[in-house]
Amino acid sequence: MMSFFRKPLFSDYRFIVGIYGILALFVSIRTLINMDSNNYQIFYYSLHHLIDGKDLYLLYPAEYSDHYHYAPTFAALFAPIFALPFSVGLFLWHLLFTAVWVYAVYRMPLTHNQKVVAYWFSVQELFTSLVNSQTNPLIAALSLFAFISFEKRQPFWAAFFIIVGFNIKIYSLVAAALFLLYPQKLRFLAYLLLWGVVLGLLPLLFTSPDQLVWQYENWVRQLLLKSDYDKWANTSIHKLVHLTISPDISTSTIIGAGVVLFCTVYRRIQVFSERWFKMLLLASVLIFQVIFNPVAESPTYIIAVTGVMIWWFYCPKTWLDRALLISCLVLTVLSPSDIFPRFLRQLLVTPYALKALPCVLIWFRLLYLMHTIKSVPASPAMELVDNPS
């Protein structure tokens, strides 16, 4: 399968970008025709509610269903889009996030063939996220941009990308774990604080200080309510644990165990400077922020699948690794699609959170590799350059 995508046409960036562009255009047109994007309606009205001084986190059934779960900064960050007519912003939404994710992968320190494989492997998963008008491709891209900034010794921009991600989905703050592998640690922390304040105050362009404090109080309250979400209504390690071990294990216990396991790899200080270790930690970051999210849904898995691709490029590619990759393709990537048997999806995949299972197993495999690998063969093509081919 991998060699098929290395054929001249399928490995041509122009062709790949064209496919992604057509995909995003199709989703935009389809969504506009049906006008059924509840997620974008939540995003769009957030700016209006912020300006009008309304509680961002109440239900507004006349405008959309479900709650707004994002920081007040989210409404301000995307004000240039939300200020456009609804149909124009909705049309641009899918094109923007597709372009950002494609560009982020392009900027990564990977070989041409590796990028090609990543694009083709992830195309269906990106589509799954796009049809739900989700921000997840952007979240994946922000972690990649943060990594690239760290590699280029630009802690200012690494901090910026991480804080932007935090204001969209708080679990993307996990990307800050990368800073321990790089110099200028104190400078990065200072920039993290700086950007936290600057972006945290950004909504003052649209509301008063008192109103903003009130909105942040409402946000924290909403996050606490959301974290207590129905344990059976997620696609993550939480549901797998509740199904296989005990439904009484708390969310905080599962997340705490995950954080401890995640941090165990830091004992290998002697390999912090190795490219393979940095890349595997990035893969761990991307997968962790999905599988340990207690309210993870199917569209969030473009983030984890991006991490799976990075793991694949640096793993030993044993029979176990290949089996895990194939299971990820079938259960994670293809199971929500029309080519997957619907009865199997309804009977097995959805009830038992099997979409999450390959990513969970790959994450544990990642940890094992990071604890045991001594070195990975270097390749000149893996070096980070300003203009990768």
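These are my notebook entries on one helix and two helix pairs in a predicted model.

Before starting, I noted that residues are numbered from 1 along each chain as its sequence is written. In this predicted model, local features need pLDDT of at least 70 and side-chain atom pairs count only at pLDDT 80 or more, while totals for chains, interfaces and linings use all residues, and side-chain values use heavy atoms, with hydrogens and water left out.

**Helix α2.** I looked up α2, residues 38-52, where helices are DSSP runs of H or I with at least four residues, numbered from the N terminus. At 1.5 Å a residue its 15 residues should span 21 Å, and the end C-alpha atoms are 21 Å apart, which agrees; the expected span is 1.5 Å times one less than the number of residues. I found a kink of about 25° centred on Ser46, the bend being the angle between axes fitted to the seven residues ending there and the seven starting there. After α2 comes Gly53, with a positive phi near 75°.

**Helices α7 and α13.** I then looked up α7 (residues 136-151) and α13 (residues 275-291), whose axes come within 11 Å and cross at roughly 155°. Axes are lines fitted to C-alpha atoms, for helices over the stretch in contact, with angles from 0 to 180 degrees between N-to-C directions. The two are therefore roughly antiparallel, a term for angles over 145 degrees.

**Helices α15 and α17.** Last, I noted that the axes of α15 (residues 319-334) and α17 (residues 357-372) come within 9 Å and cross at roughly 150°. That makes α15 roughly antiparallel to α17.

Technical notes
Angles under 35 degrees count as roughly parallel, over 145 as roughly antiparallel, 65 to 115 as roughly perpendicular and the rest as oblique.
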